[in-house]
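The following exercises concern one protein chain. Please work through each task before reading its solution.

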Amino acid sequence: MNVIIFLFRKYCFGLIEKQQVTDALRFFIDSNYWNINEPLPHPHELSELLDFNEDITMHGLCRLIGAGVIFEGEDGRLYVRTSTEDTH
């Protein structure tokens, strides 16, 4: 029974972290911390900035790509879209 509780808590904490990193990235974007047409920092740099591990940070980035807030450029780097008002 303790194993089930441990796994459930770990799963729930992971969900909370994923939402927190997504919210943190969205806050920085909405605050114009990163300029449009300039690449975002690499995921490992974002992980350090936000104090989350890279897997959780990548999950947040993927959610924002899916929401149309950021996009992958031809160079493979991530960029902020020119307008994020429609994606709230």
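Helices (H or I, at least four residues) and strands (E, at least two) are DSSP runs, numbered from the N terminus. The model is a predicted one: local features need pLDDT of at least 70, side-chain atom pairs count only at pLDDT 80 or more, and totals for chains, interfaces and linings use all residues. Residues are numbered from 1 along each chain as its sequence is written, and side-chain values use heavy atoms, with hydrogens and water left out.

**Exercise 1. Overall composition**

Determine which elements the chain contains and in what order they run.

Solution. The secondary structure comes to 3 helices and 2 strands. Read from the N terminus, the order is α-α-α-β-β. Of the 88 residues in the chain, 32% are buried (buried means under 20% relative accessible area, exposed over 50%, partly exposed in between, with a 1.4 Å probe and protein chains only).

**Exercise 2. Charged residues of helix H1**

Locate the salt bridge of the structure, and state the surroundings of glutamate 17.

Solution. Begin with the count: the structure holds 1 salt bridge, defined as a side-chain nitrogen of Lys or Arg within 4 Å of a carboxyl oxygen of Asp or Glu. Its partners are arginine 26 and aspartate 30, with an N to O distance of 3.2 Å. Next, consider the spacing: these two residues are 4 residues apart in helix H1, so about one helical turn separates arginine 26 from aspartate 30. Then compare the accessibilities: arginine 26 is buried at a relative accessible area of 14%, whereas aspartate 30 is partly exposed at 34%.

Glutamate 17 also lies in H1, which spans residues 2-30. Glutamate 17 is buried yet has no salt bridge, and the nearest side chain of opposite charge, lysine 18, is 8.3 Å away (Lys and Arg count as positive, Asp and Glu as negative, while His and the chain ends are not counted). Leaving aside residues up to four places away in sequence, glutamate 17 touches Phe52 and Ile56; contact means heavy atoms within 4.5 Å.

**Exercise 3. Helices H2 and H3**

Which residues of H2 are buried, and at what angle do the axes of H2 and H3 cross?

Solution. In H2 (residues 43-50), the buried residues are Leu46, Ser47 and Leu50. They lie on the same side of H2 because they cover an arc of only 105 degrees around its axis, the arc being that of the directions from the helix axis to the C-beta atoms.

The second step concerns the pair. The axes of H2 and H3 (residues 54-66) come within 9 Å and cross at roughly 105 degrees. Here axes are lines fitted to C-alpha atoms, for helices over the stretch in contact, and angles run from 0 to 180 degrees between N-to-C directions. The two helices are therefore roughly perpendicular (65 to 115 degrees; under 35 counts as roughly parallel, over 145 as roughly antiparallel, and the rest as oblique). Pro43, His44, Leu46 and Ser47 of H2 make the contact with Glu54, Thr57, Met58 and Leu61 of H3.

**Exercise 4. Positive phi values**

Where do asparagine 37 and aspartate 51 lie, and are they buried or exposed?

Solution. Most residues other than glycine have a negative phi. Asparagine 37, although not a glycine, has a positive phi of about 75 degrees. Asparagine 37 lies in the loop between H1 and H2 and counts as exposed at 63% relative accessibility.

Aspartate 51 follows H2 and lies in the loop between H2 and H3. The phi of aspartate 51 is also positive, near 60 degrees. With a relative accessible area of 69%, aspartate 51 is exposed.
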